Amino acid sequence: MIVSVVTPVLNGGDYLRSCIESVKAQTPCGVLVEHLILDGGSTDGSAELAAAQGVRVLREPKVGLTGRMNIGYRAAKGELIGFLGADDMLLPGAVEAIVAAYRRRQRRWVVGGTRWIAADGHSLGELRAPPRWMNAAAHVALDWNAISTLATYLNRDFFSQLGGFDERYDAAADFHLFAHALQQEPFERVARPLAAWRRHGRNHSVVYNDLAVHEAHAIRQSLGLSDDPGRPLRRCAMKVWFNLRNPGWCGHKMIERARLQLGMARQARA
C-alpha cells in the first residue's frame, strides 16, 4: 500500500527541511510513504532543497494554491492521499495510525487531530478531530474549518468522485471539499493528533482569514445550507464541544484574544 503526502510550497525554506524529515521518519510496516512537493515558483531555494533531500518535485509557478493541490493529488501514486504544509510536520506514528483507521471499517476518508505549535516549535495546545456525530450541516455551521487538512487522508477514488478541490475558492477549498465529503459518507476518526500546524502569523489561513469567512458563506449557499434554521444551535453545539474537549487550545485562544483586545485598547488611548 502507498500513502502519499502532498506539500504545496512557495518560499517555504524556513521550515521545509523539518517538514520533509517528519515525512521521512514515518516507517509503518508494509506501507510505502510517498512525499510530493508542488512548488509554486519559489525563489528561496525551496524546490532545490526538496530535490536534494530526494523528494519528488513538480514545479507549477503559474498555478494557484488550490490548483496545485489538485495537480498534486492527480500526480500522487497513493491509495490514500493527504496534504501537509511546508511549515508543518507529521507527528511520529501518524501514517501508521492513519492506515490502521482506514483499514478498521473501510471508510474512504480518515480525520485526525492536530497539535498547534509556535514558530519555535513549542506547543500551543492540541485540537482533537471533530466528533463522529458531525454532519455536513454541523460542519458548515462554523465559519472555520473544523476538519484539519493536515490530518485528513482521502481515498484516491473518493477524491475523484468528489471532483477534487473546487478552484473557485482560494481560501476555503478544503472547507468545501470536506462538507461535500460529509454529504456522501462519515469519516473514520483518529483521536490522537497526527500533524503539527505551525502558527507564525504568515499562514495562508491567517493571512486570508477574512476571505475564508466570505467563501464559507458562499459555500453554505452552494450546498443549500445558508438558510438552515438549525444553524445557530449547531454552531453553539460545535463551539461548546471544541472548547470543552480542547482545554489547552481553548486557553491559548482566550489568551491570544485578550492580548489582541489589550493591544487595540492601548492603540485607542495613544
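Pro28 is located in the loop that connects α1 (13–24) to β2 (32–39), where helices (H or I, at least four residues) and strands (E, at least two) are DSSP runs numbered from the N terminus. The model is a predicted one, in which local features need pLDDT of at least 70 and side-chain atom pairs count only at pLDDT 80 or more, while totals for chains, interfaces and linings use all residues. Residues are numbered from 1 along each chain as its sequence is written, and side-chain values use heavy atoms, with hydrogens and water left out.

With a relative accessible area of 10%, Pro28 is buried; this term denotes under 20% relative accessible area, with exposed meaning over 50% and partly exposed in between (1.4 Å probe, protein chains only). Apart from neighbours within four places in sequence, the contacts of Pro28 are Val33, Val95 and Glu96, a contact being defined by heavy atoms within 4.5 Å. Pro28 and Ala51 are 23 residues apart along the chain, and their C-alpha atoms are separated by 23 Å.

At the level of the whole protein chain, eleven helices and nine strands are assigned. The radius of gyration is 18 Å, close to the 18 Å that the globule rule gives for 270 residues, so the chain is as compact as a globular protein of that length. Here the radius is taken over C-alpha atoms, and the rule is 2.2 Å times the number of residues to the power 0.38. Along the principal axes, the C-alpha atoms fill a box of roughly 50 × 50 × 35 Å. Of the 270 residues, 51% are buried. Among contacts with a separation of 6 or more, 78% are made by residues 24 or more positions apart.

Strand β6 (residues 109–118) is mostly covered, with nine of its ten residues buried. Pairing of two strands requires that DSSP finds at least two bridges between them. With strand β9 (residues 188–199), β6 pairs in the parallel sense over eight bridges, and Ala118 stands opposite Arg199 of β9. The pairing of β6 with strand β8 (residues 152–155) is antiparallel and comprises three bridges; Val110 has Tyr153 of β8 as its bridge partner. Strand β7 (residues 123–127) also runs antiparallel to β6, to which it is joined by four bridges, with Trp116 opposite Gly125. The hairpin of β6 and β7 has four residues between the strands, and Gly121 takes a positive phi near 100° there.

Trp109, in β6, has a relative accessibility of 0% and therefore counts as buried. Beyond neighbours within four places in sequence, the contacts of Trp109 include Ile147, Tyr153, Leu154, Phe158, Phe178 and Phe187. Trp109 is also among the residues with the most contacts inside the largest nonpolar core, which has 81 residues; the others are Leu16, Leu90, Met134, Ile147, Leu154 and Phe242. Such a core is a set of buried Ala, Val, Leu, Ile, Met, Phe, Trp, Tyr and Cys residues joined through side-chain atoms within 4.5 Å.

Ten aromatic pairs are present in the structure. Rings of Phe, Tyr and Trp (its six-membered ring) pair if their centres lie within 6.5 Å, and planes under 30 degrees apart count as stacked, over 60 as edge-to-face and the rest as tilted. One pair, formed by Trp109 and Phe158, is tilted, at 6.4 Å centre to centre and 50° between the planes. Since Trp109 lies in strand β6 and Phe158 in helix α6 (residues 156–162), this pair ties together parts that are 49 residues apart in sequence. Phe158 is likewise buried, with a relative accessible area of 0%. The ring centres of Phe159 and Phe165 are 5.5 Å apart and the planes are at 65°, so this pair is edge-to-face. Phe159 and Phe165 are both buried, and they form one aromatic cluster with Tyr73 and Phe83.

Tyr73 is one of the buried residues of α3, as are Arg68 and Asn70. Helix α3 (residues 65–75) is mostly covered, nine of its eleven residues being buried.

Arg220 is placed in helix α9 (residues 209–222). At 5% relative accessibility, Arg220 counts as buried. The side chain of Arg220 reaches the backbone oxygen of Val140 at 3.2 Å. Outside the neighbours within four places in sequence, Arg220 is in contact with Val140, Leu142, Asp143, Leu225, Ser226 and Arg231.

Methods. A polar contact is a pair of N or O atoms within 3.5 Å; within protein, one must be able to donate a hydrogen and the other to accept it, and residues adjacent in sequence count only if both atoms are side-chain atoms.
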